[in-house]
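Student: Hi, I'm new to this one. Could you walk me through it?
Tutor: Happy to, let's take a look together.
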Amino acid sequence: MSGPVERAAPHVPVQRTEEPDLSTEEPDVDTGEDGVSADAATPGAPLLEVEDLEVHFPIRRGVVVERTVGHVRAVDGVGLSIEAGGTYGMVGESGCGKTTFGRAVLRIEQPTGGRVRLGGEDVTALKGERLRRFRSKMQMVFQDPLGSLNPRHNVDMLLSEPLKVHGIGSKEERRKLAVETLDAVGLPKSVLERYPHEFSGGQRQRLGIARALMLRPDLIVCDEPVSALDVSIQAQVMNLLDELQGEFGLTYLVIAHDLAVVRHLSDRVGVMYLGKLVEEADSESIYEHPRHPYTKALLSAVPQPDPEIEANRERIILKGDLPSPANPPSGCRFRTRCPWAEDVCAEVEPEWREAASGHKVACHFDL
Ligand SMILES: Nc1ncnc2c1ncn2[C@@H]1O[C@H](COP(=O)(O)OP(=O)(O)O)[C@@H](O)[C@H]1O
Ligand SMILES: [Mg+2]
């Protein structure tokens with residue numbers, strides 16, 4: 001999916017304003033002079049490597065004296081890697097920890113355990129100025145672009161803001177870059193003076209993508225990028241993401257509850273259940289030969305366009321709701337809803353193993 005990286009660098013001189021690092025916390029992990037290494041975009045090499053990432057939110061009780069009575073284990077030991085120029089699709093029901101994972105990778109949320117590397121550099125413990133520089137290499141596209149855009153800012157301000165925050169370019173240079181970026185997402189220069197509410201859903205998502213592109217990041221986390229859009233508009237936005245990937249040399253983590261969205265865009269797909277990955281493989285293997293009962297259940301819920309296949313589609317109905325991530329089931333987390341669960345599933349947590357070449361699964365049985 002990687003292509004020429006003609007537009008990968010901002011066309012304005014990168015002069016970062018020197019700001020004193022006011023953090024009083026312990027010193028940064030030494031990652032060399034620039035914080036994050038430059039060879040982040042070597043094709044084929046992993047751009048993002050995540051090891052055993054955990055985000056546990058404390059549950060607090062008490063009015064006068066607050067105490068922690070437990071933890072929501074939103075992300076509970078997730079490891080994956082994405083090669084430069086590649087796309088990793090993460091799927092799973094609402095509440096299984098996808099957004100929290102994406103936010104923790106970007107350090108919007110502080111991980112409580114594990115490690116994140118970008119271009120080979122450990123960025124898990126970066127602080128202050130180094131964290132700020134690292135953040136410019138990773139951006140997020142949200143489900144609801146309007147919610148993430150300040151309604152009182154016109155497009156010019158919205159697009160220039162990330163550059164301003166990072167002290168990049170003069171007003172004119174930022175505007176020039178905004179015009180180029182609008183062009184890349186298929187919007188005319190004339191929209192610069194307009195406000196977010198004046199746009200349709202699809203156009204707003206184009207603006208959200210343009211804003212994420214302004215810093216010419218290496219990685220974009222797209223969190224449910226088309227879930228809020230009409231079906232007819234979804235394909236346009238997915239095609240745009242696909243085009244921009246080649247044009248800007250981007251690596252994507254695409255998060256969606258909708259398997260069709262992830263299938264269209266991804267090279268590799270990971271299936272999340274209650275804070276953990278249960279299956280991961282290349283896109284074709286997951287859809288053609290799913291191994292985990294949860295993946296099978298998710299796929300069985302998707303209507304098939306071919307009427308003959310649709311008539312024979314076997315639906316796997318999951319029992320009950322997603323259990324609480326504050327108190328996940330023993331053994332295999334999925335066992336309370338699994339049609340094939342046996343005693344061992346309650347007692348032993350299944351190992352995350354490679355069941356076939358490049359195809360990983362966590363299940364006691366090979367289906
Ligand atoms: N800031 C937070 N504090 C406590 N719990 C949270 C917080 N953010 C998310 N959660 C919980 O973490 C779990 C995973 O949420 P989320 O990452 O949004 O899942 P998804 O994106 O897959 O729908 C949910 O149970 C959610 O309620
Ligand atoms: Mg989410």
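Tutor: A word on terms before we begin: helices and strands here are DSSP runs, numbered from the N terminus, with at least four residues for a helix and at least two for a strand. Also, this is a predicted model.
Student: Got it. What sort of phi does Arg107 take, just after helix 1?
Tutor: Arg107 takes a positive phi of about 65° there.
Student: And helix 1 itself, how many of its residues are buried?
Tutor: Six of its eight residues are buried, so to speak of helix 1 as mostly covered is fair. Buried means under 20% relative accessible area. The buried residues of helix 1 are Lys98, Thr100, Phe101, Gly102, Ala104 and Val105.
Student: Switching to the ligand. Which residues are around ligand 1?
Tutor: The shell runs through Phe57, Val72, Ala74, Glu93, Ser94, Gly95, Cys96, Gly97, Lys98, Thr99, Thr100 and Pro325. By class, five are nonpolar, five are polar and two are charged.
Student: Which element gives the largest share of that shell?
Tutor: Helix 1 does, with three residues. Strand 2 (67-83) and helix 1 (98-105) each supply at least two residues of the shell.
Student: Which backbone atoms lie close to oxygen atoms of ligand 1?
Tutor: A backbone N or O atom of Gly95 lies 2.6 Å from an oxygen atom of ligand 1. For a polar backbone atom of Gly97, the distance to a ligand oxygen is 3.1 Å, and for a backbone N or O atom of Cys96 it is 3.2 Å.
Student: How much of ligand 1 does the protein cover?
Tutor: The protein covers 62% of the 570 Å² of accessible area that ligand 1 has on its own.
Student: New topic: strand 3. Why is strand 3 largely enclosed by the rest of the structure?
Tutor: Because five of the five residues of strand 3 (residues 87-91) are buried.
Student: Which residues sit on each side?
Tutor: Thr87, Gly89 and Val91 are on one side, with Tyr88 and Met90 on the other. Both faces are covered.
Student: Which strands does strand 3 pair with?
Tutor: Strand 3 pairs in the parallel sense with strand 8 (residues 251-256) over five bridges. Strand 3 also pairs in the parallel sense with strand 9 (residues 268-273), over four bridges.
Student: Can you give me a residue to look at for each pairing?
Tutor: Sure. Try Gly89, whose bridge partner in strand 8 is Val254. Then find Tyr88, whose bridge partner in strand 9 is Arg268.

Terms used:
Residues are numbered from 1 along each chain as its sequence is written. Chains are lettered from A and ligands numbered from 1 in the order in which they are written. This is a predicted model: local features need pLDDT of at least 70, side-chain atom pairs count only at pLDDT 80 or more; totals for chains, interfaces and linings use all residues. Side-chain values use heavy atoms; hydrogens and water are left out. A residue is near a molecule or strand if one of its heavy atoms lies within 4 Å of it. A polar contact is a pair of N or O atoms within 3.5 Å; within protein, one must be able to donate a hydrogen and the other to accept it, and residues adjacent in sequence count only if both atoms are side-chain atoms. Accessible areas come from the Shrake-Rupley method with a 1.4 Å probe; for residues, only the protein chains shown count as cover. Ala, Val, Leu, Ile, Met, Phe, Trp, Tyr, Cys and Pro count as nonpolar, Asp, Glu, Lys and Arg as charged, and the others, Gly among them, as polar. Buried means under 20% relative accessible area, exposed over 50%, partly exposed in between (1.4 Å probe, protein chains only). Two strands pair if DSSP finds at least two bridges between them.
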